[in-house]
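Here is a short set of exercises to work through with the model open beside you. Try each task before you read the solution below it.

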Amino acid sequence: MNHRQAISLLLCALLYSAVPLSGGKAPGGSPQKSARAARDTRSAKKVDVCALLSSSEMEAVQGEPVKETKPSVQQSGSFLMSQCFFRTATFTKSVSLALAVPDPAKPSALTPREFWRKQFHPPEPEEDEKPVAGKAPKKAEVEREEELRKPRRIDGLGEEAYWVGNPVSGALYVLEGNAFLRISVGGEKDESVRIKKTRTLAQKALERLLANNEQGK
């Protein structure tokens, strides 16, 4: 396996680690709701994810234009993930953008919006754990690890936006309607800079996504 294939597999692994491959059933909806969801899905399916970002926008953020785009569509188990890999001359500066939309073949499955609610707004855990005799709880260490993994709210982007990551890697998620975007950039070690870059690119992609949805009405 060459370096290029290894990086591609790594990016795919990051994508699937963020979106579970098995989804639960959503509560039953009315015929009107199902029809509306079907219209939203047809509109979303027309989106060319690779067209949501331009080469000039990529160059302004990453310092290099896009050399190649690689689109793909994957079925997560609950909804569809349309992905585009924007390859730059310096491979490590490449960008991955994904769009999650409802799967028309599974109208009763977990929708992207329902997945979002479960992922970023889970119920508060009950604090009824008791220490086990003979075991000293590593509370500080556990809390530190949980804090590193905790999604961070990013204001002023879409309906909601969260950064999920750590000092090594991460991705920005943006909710809009019954779909959400996921974007990650490479070639930058500083997490604060990665967040700034993904925010800039996500805003451009979101504007085109909304424009596409308006044209599809």
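**Exercise 1. Find which residues of β7 are buried on one side and which on the other.**

Solution. Start with the vocabulary: strands (E, at least two residues) and helices (H or I, at least four) are DSSP runs, numbered from the N terminus. Buried means under 20% relative accessible area, exposed over 50%, and partly exposed in between, using a 1.4 Å probe and protein chains only. On one side of β7, the buried residues are A179, L181, I183 and V185. On the other side they are F180, R182 and S184, so both faces are covered. The tally for β7 is 7 of 7 residues buried.

A word on the ground rules before you go on. This is a predicted model, in which local features need pLDDT of at least 70 and side-chain atom pairs count only at pLDDT 80 or more, while totals for chains, interfaces and linings use all residues. Residues are numbered from 1 along each chain as its sequence is written, and side-chain values use heavy atoms, with hydrogens and water left out.

**Exercise 2. Trace the neighbours of β7 in the sheet and name a bridge partner on each side.**

Solution. Two strands pair if DSSP finds at least two bridges between them. Step one is the strand order: the open sheet of 7 strands reads β1-β2-β3-β7-β6-β5-β4, with antiparallel pairing. Its edge strands, β1 (66-75) and β4 (152-153), each pair on one side only.

Step two takes the β3 side. Strand β3 (residues 95-102) runs antiparallel to β7 and is joined to it by 6 bridges. Here V95 has V185 of β7 as its bridge partner.

Step three takes the β6 side. β6 and β7 (residues 179-185) pair in the antiparallel sense over 5 bridges. L175 is the bridge partner of F180 in β7, and L172 stands opposite I183. The hairpin of β6 and β7 has 2 residues between the strands, and G177 takes a positive phi near 65° there.

**Exercise 3. Decide how enclosed β6 is, then follow the chain back to β5.**

Solution. Count first: 6 of the 7 residues of β6 are buried, so this strand is largely enclosed by the rest of the structure. Next, look at its pairing with β5, which is antiparallel over 6 bridges. G165 stands opposite G170 in β6, and the two strands form a hairpin with 4 residues between them.

Now go to the loop between β5 (160-165) and β6 (170-176), where S169 lies. S169 is partly exposed, with a relative accessible area of 27%. S169 and S184 are 15 residues apart in sequence, and their C-alpha atoms are 8.4 Å apart in space.

**Exercise 4. Locate the disulfide and work out which parts of the chain it ties together.**

Solution. A disulfide is a pair of cysteine sulfur atoms within 2.5 Å, and by this rule the count comes to 1. C50 is joined to C84, with an S to S distance of 2.1 Å. The link is right-handed, with 105° about the S-S bond. C50 sits in the loop between α2 (31-45) and α3 (55-62) and C84 in strand β2, so the pair ties together parts that are 34 residues apart in sequence. Both C50 and C84 are buried.

Stay with β2 (residues 79-88) for one more step: β1 and β2 pair in the antiparallel sense over 9 bridges. One such pair is K70 with F85 of β2.

**Exercise 5. Describe how α3 and α6 are arranged: parallel or antiparallel?**

Solution. Axes are lines fitted to C-alpha atoms, for helices over the stretch in contact, and angles run from 0 to 180 degrees between N-to-C directions. The axes of α3 and α6 (residues 191-215) come within 10 Å and cross at roughly 165°. Angles under 35 degrees count as roughly parallel, over 145 as roughly antiparallel, 65 to 115 as roughly perpendicular and the rest as oblique. The two helices are therefore roughly antiparallel to each other.

To finish, list the contact, meaning heavy atoms within 4.5 Å. α3 contributes E57, M58, V61 and Q62, and α6 contributes K197, T200, L201, K204 and R208.
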